[in-house]
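This report describes the sheet, one helix and several backbone features of a single protein model. The sequence and structure come first.

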Amino acid sequence: MYIIAGLGNPTSQYEKTRHNAGFDAIDILADRYNIKVDTLKFKALCGTGIIGGKKVVLVKPQTFMNLSGEAIGAIANFYKVDVKSEVIVLYDDISLDIGRLRARRKGSAGGHNGIKSIISHLGTEEFLRIKIGVGEKPAQYDLADYVLGRFTPSERKVFEEGLKKSADGVETILTQGIDACMNSIN
């Protein structure tokens, strides 16, 4: 069983914002594999299915970004998964150009409050992740305003290509492992 969690903020107010990159990636996986992510449990919208021959739970925490670890920790504990190899988190990263990806097997939070919460609740920095680039914050912008803002139409097109590749990256992790994913998208 794999837990595949996309980070974001619930409610329509935050749809299509930079900070909801993880939710958008989960939506692509759900569409590709006909998995309904509509069951509310563990403070998250969840859906189970099969990707790459592996049983998965797609997760969109409903706790707001800064408390994402509450949902992911509870789900990982319930399913008794190996956190280091069976939890995959997808989330926005302002240090990467729009649509660029970076896969990692572990790492610090790097200032991302959702990841800080997950590290706290899982008790480790060792879990698989795919960072989705949303572009660097312009100097005159407040960070919160920037990540809660939306892309221009041309930026959105580039971003959506990155989202598709992030879903491909998840599929690669499930079928060939994290090293193959890192080789293909980093």
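The sections below cover the sheet, its hairpins, its other edge, helix α4 and the residues with positive phi.

## The sheet

The model is predicted. Seven strands make up an open sheet of mixed pairing, ordered β2-β3-β4-β1-β5-β7-β6. Its edge strands, β2 and β6, each pair on one side only. From one strand to the next, the twist averages 25°.

Helix α2 packs on this sheet and touches β1, β2, β3, β4 (54-61) and β5. The direction of α2 makes about 155° with that of β4.

## The hairpins β2-β3 and β3-β4

β2 and β3 run antiparallel and are joined by three bridges. T39 has C46 of β3 as its bridge partner, and L40 is bridged to L45 in β3. The two strands form a hairpin with two residues between them, and F42 in the turn has a positive phi of about 55°.

Eight bridges link β3 and β4, also in the antiparallel sense. One bridge pair places T48 opposite V57 of β4. Here too the strands form a hairpin with two residues between them; the turn contains G52, with a positive phi of about 60°.

## L45 in strand β3

L45 belongs to strand β3, which spans residues 44-51. Is L45 buried or partly exposed? Its relative accessibility is 23%, and the cut-off for buried is under 20%, so L45 counts as partly exposed.

Beyond its neighbours within four places in sequence, L45 is in contact with V37, D38, T39, L40, L58, V59, K60 and Q62. Of these contacts, L40 is also the residue bridged to L45. L45 and S154 lie 109 residues apart in sequence, with 30 Å between their C-alpha atoms.

## The β6 edge

β6 pairs with β7 in the antiparallel sense over four bridges. Within this pairing, L101 has I132 of β7 as its bridge partner.

The side chains alternate along β6 (residues 101-104). L101 and A103 point to one face and are buried, whereas R102 and R104 point to the other and are not.

## Helix α4

Which residues of helix α4 are buried? In this helix, residues 113-122, they are G114, I115, S117, I118, I119 and L122. An α-helix has 3.6 residues a turn, so residues three or four places apart point the same way.

The cover over the buried residues of α4 includes α2 (68-79), α3 (83-86), β5 (87-93) and β7 (128-133). Thus α2, which packs on the sheet, is also among the elements covering α4. After α4 comes G123, with a positive phi near 75°.

## Positive phi outside glycine

Most residues other than glycine have a negative phi. T11 is not a glycine, yet its phi is positive, at about 85°. T11 lies in the loop between β1 (2-6) and α1 (21-32). With 45% relative accessibility, T11 counts as partly exposed.

F42 is another residue other than glycine with a positive phi, near 55°. The loop that holds F42 runs between β2 (39-41) and β3. F42 counts as partly exposed because its relative accessibility is 25%, and buried residues are under 20%.

Technical notes: Residues are numbered from 1 along each chain as its sequence is written. This is a predicted model: local features need pLDDT of at least 70, side-chain atom pairs count only at pLDDT 80 or more; totals for chains, interfaces and linings use all residues. Side-chain values use heavy atoms; hydrogens and water are left out. Buried means under 20% relative accessible area, exposed over 50%, partly exposed in between (1.4 Å probe, protein chains only). Contact means heavy atoms within 4.5 Å. Two strands pair if DSSP finds at least two bridges between them. Axes are lines fitted to C-alpha atoms, for helices over the stretch in contact, and angles run from 0 to 180 degrees between N-to-C directions.
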